[in-house]
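Please examine the model shown here, beginning with its aromatic side chains and then moving outward to the fold as a whole.

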Amino acid sequence: PQDVMELQRFLGDAQPGQTIEAVPGSGTKVPLWILGSSLFGARLAGELGLPYGFASHFAPQALEPAVDLYRRSFVPSEQLEKPYLMVGVNVITAPTDEEALFLATSQEISFINLVRGQPILLPPPSHKVWEHGLPQQVQYAQEMLACRVVGSPERVRQGLDELVARTGADELIIVSDLYDFSHRLRSLRLTAEAVGVGA
């Protein structure tokens with residue numbers, strides 16, 4: 001907490017006798033966010049009256065408790081009058097549900113290897129995800145990816161609508177980990193079109 005408040009002071013107006021001045025940051029009053037994946041970050045953002053981004057794209061189990069704690073502990077500040085929430089979500093959009101589910105296996109394999117203590121670069125998709133780890137490792141990786149919307153544009157729109165309704169999120173952090181860069185760009189474009197924003 002002290003580091004966040006110190007950063008706020010460095011980005012605020014320089015005070016008489018201040019021995020350190022951030023250049024060019026001094027006086028910019030850059031709005032700060034707290035991005036977290038735990039209850040500590042949620043409470044900190046609330047108590048300091050800052051916007052909060054929750055990393056549910058890899059820590060979904062704490063999403064609801066963190067959102068609730070953030071809102072309950074929120075104190076209005078100079079930067080923010082009421083809570084403002086951003087939620088991270090894994091989104092894989094393809095023309096069909098079947099293709100999206102197949103492309104999403106790259107991320108599943110990556111998380112399985114992370115659970116195994118063997119992180120790797122994003123691998124190509126595979127029809128045999130279960131071959132990459134023990135059953136409990138596969139299950140744990142799937143739990144880490146629980147905040148995920150995968151499918152056709154219509155399914156993705158419905159899934160994102162449900163997530164926003166469930167959390168009251170003001171914004172979303174969209175993560176589209178796909179092995180092929182052209183598929184990643186297509187996923188982001190289809191996602192944007194599905195929710196009605198420009199891509």
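Four aromatic pairs occur in the structure, where rings of Phe, Tyr and Trp (its six-membered ring) pair if their centres lie within 6.5 Å, and planes under 30 degrees apart count as stacked, over 60 as edge-to-face and the rest as tilted. Tyrosine 52 and tyrosine 70 make a tilted pair, at 5.3 Å centre to centre and with 40° between the planes. This pair links distant parts of the chain, since tyrosine 52 lies in strand β2 (residues 52-54) and tyrosine 70 in helix α3 (residues 63-73), 18 residues apart. Helices (H or I, at least four residues) and strands (E, at least two) are DSSP runs, numbered from the N terminus. The pair of tyrosine 70 and phenylalanine 74 is edge-to-face, because the ring centres are 5.9 Å apart and the planes stand at 80°.

The model is a predicted one, in which local features need pLDDT of at least 70 and side-chain atom pairs count only at pLDDT 80 or more, while totals for chains, interfaces and linings use all residues. Residues are numbered from 1 along each chain as its sequence is written, and side-chain values use heavy atoms, with hydrogens and water left out.

Are the rings of tyrosine 52 and tyrosine 70 buried or exposed as residues? Both tyrosine 52 and tyrosine 70 are buried, that is, under 20% relative accessible area, with exposed meaning over 50% and partly exposed in between (1.4 Å probe, protein chains only). Phenylalanine 74 is buried as well. Together with Phe54, the residues Tyr52, Tyr70 and Phe74 form one aromatic cluster.

Helix α3 carries further buried residues: Leu63, Ala66, Val67, Leu69, Tyr70 and Ser73. They lie on the same side of α3 because they cover an arc of only 165° around the axis, the arc being that of the directions from the helix axis to the C-beta atoms. The buried residues of α3 pack against α2 (39-48), β2, β3 (85-93) and α7 (153-167), where contact means heavy atoms within 4.5 Å.

The wider fold gives the setting for this helix. The protein chain has eight helices and five strands, in the order α-β-α-β-α-β-α-α-α-β-α-β-α from the N terminus on. Of the 199 residues in the protein chain, 42% are buried. Among contacts with a separation of 6 or more, 61% join residues 24 or more positions apart. The C-alpha trace spans about 65 × 40 × 35 Å along its principal axes.
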